[in-house]
Amino acid sequence: MAISGHGSHSISLFFYMILATFLHKGTTQTISAQGQNLVTNNVSVVEGETAIISCRVKNNDDSVIQLLNPNRQTIYFRDVRPLKDSRFQLVNFSDNELLVSLSNVSLSDEGRYVCQLYTDPPQEAYADITVLVPPGNPILESREEIVSEGNETEITCTAMGSKPASTIKWMKGNQPLQGEATVEELYDRMFTVTSRLKLTVSKEDDGVAIICIIDHPAVKDFQAQKYLEVQYKPEVKIVVEFPEGLTREGENLELTCKAKGKPQPHQINWHKVDDDFPSHAVITGTDLFIENLNKSYNGTYRCVASNLVGEAYDDYILYVYDSRADGVQQKIDHAVIGGVVAVVVFAMLCLLIVLGRYFARHKGTYFTHEAKGADDAADADTAIINAEGGHNNSDDKKEYYI
């Protein structure tokens, strides 16, 4: 009986299916036939995406390759798909490779897939598909929205419904922080992770970002952040508006109190420490004005600013100088005195040098006149007489004492 080509292909496929059913009941360990190696690899895929399963043969001798699912149902027998799941599609088929894609992967697709090569004995290799489920958007919550400096606050970050469990990291600006994590297992190996961060804040933390970073193999750069709002007591500074130099009798004094805090200071007060305020001192808002200064006004003037968090102050010490006092003139007088001293020292050094040279020259002249008259003597006796005669002549030799 003649058999058409199509009928021949059907009979061959039927034969292979019977052989496959027999092999499904056999060993599941990977066995390498001489000269042939069956190779596959594990796959991690994010839920909803596409997984690629590869069965590769080195030095194939025309043996048949097929791919089985975790229930050991045939997905592809050579290039034919007996399984009625259209999510499986043939990517490539040859004597050395069977490449299959699985689209829209779900948790139910997770498991061990089998690459099978019909050799004697048959070979099997296993590809484990792991389905990753990314967490939902991180939920960031704080115990209080506004914190006063010096107090402790607590912030929680939650990564819900992930597989595997997420890891949560914390950053304050560029500084890493350590939180305390708890892991809750839900269903089908799904997890929710909550991390709690406790920190004591200062005024420098106001406006600084607290960042919760989710570390998971299915997502990258997954994070949430909130900015700290810190209240702090005022910072106070007194600025002298007038005068620019010394405070002298008869002049005016104007001071401004600059205060900054969160919230802004609601009260700013001036007073004189341990004394009464001058009777004609004028306070206008943050400014203090005193006219016609005199030395009875000397003392410490304090500006105190307060808000809901606390209060702070700054001091200005007033010293009233005589009306003739001039700080610039004093500096000039010191410079003049220093110059005069330098000139005097230089003149004394010059005088010492001149005197030294003068004494040295006159000492040589004294010895020359001592022997004058002896050079022209005819003999020694005459020289002695002439020398002695020279001593008697007060006009020929004179001695000077200084």
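The following exchange goes through the cores, strand pairing and overall figures of a predicted model.

Student: How many helices and strands does the protein have?
Tutor: The count covers the whole protein of 402 residues. Its secondary structure consists of 3 helices and 25 strands.

Student: Which residues touch the most other members of the largest nonpolar core?
Tutor: This core has 27 residues. Strands S2 (43–46), S3 (51–58), S4 (65–68), S5 (74–77), S7 (97–102), S8 (111–117) and S9 (123–132) each supply at least two of them. The members that touch the most others are Leu67, Ile75, Phe88, Leu98, Tyr113 and Ile129.

Student: With which residues is Ile75 in contact, leaving aside its neighbours within four places in sequence?
Tutor: Ile75 is among the core members that touch the most others. Contact here requires heavy atoms within 4.5 Å. On that basis, the partners of Ile75 are Leu67, Leu68, Asn69, Val80, Arg81, Pro82, Leu83, Phe88 and Tyr113.

Student: How many residues are in the second, separate core?
Tutor: Val236, Tyr297, Cys303 and Leu318 are included in this second core. Its membership comes to 18 residues.

Student: Why is one side of S10 and of S15 left without a neighbour in the sheet?
Tutor: The sheet is open, with 4 strands in the order S10-S12-S16-S15 and antiparallel pairing. Strand S10 (139–142) and strand S15 (180–185) stand at its edges, so one side of each has no neighbour there. The reason is that each has a single partner strand.

Student: By what angle are neighbouring strands of this sheet turned against each other on average?
Tutor: The strands in question are S10, S12, S16 and S15. With direction ignored, the average is 15°.

Student: Which residue in S12 is the bridge partner of Ser142?
Tutor: S10 and strand S12 (residues 152–162) run antiparallel and are joined by 4 bridges. In S12, Ser142 is partnered by Ile155.

Student: What residue in S20 stands opposite Glu235?
Tutor: Strand S19 (residues 230–242) is joined by 2 bridges to strand S11 (residues 147–148), and the two run parallel; there, Val147 has Val230 as its partner in S19. S19 also has 8 bridges to strand S20 (residues 253–262), running antiparallel. Opposite Glu235 in S20 stands Lys260.

Student: What percentage of the accessible surface of the protein belongs to carbon and sulfur atoms?
Tutor: Of the 402 residues, 32% count as buried, that is, under 20% relative accessible area. The accessible surface of the protein is about 24,900 Å². The part belonging to carbon and sulfur atoms is 52%.

Notes:
Residues are numbered from 1 along each chain as its sequence is written. This is a predicted model: local features need pLDDT of at least 70, side-chain atom pairs count only at pLDDT 80 or more; totals for chains, interfaces and linings use all residues. Side-chain values use heavy atoms; hydrogens and water are left out. A nonpolar core is a set of buried Ala, Val, Leu, Ile, Met, Phe, Trp, Tyr and Cys residues joined through side-chain atoms within 4.5 Å. Buried means under 20% relative accessible area, exposed over 50%, partly exposed in between (1.4 Å probe, protein chains only). Two strands pair if DSSP finds at least two bridges between them. Axes are lines fitted to C-alpha atoms, for helices over the stretch in contact, and angles run from 0 to 180 degrees between N-to-C directions. Accessible areas come from the Shrake-Rupley method with a 1.4 Å probe; for residues, only the protein chains shown count as cover.
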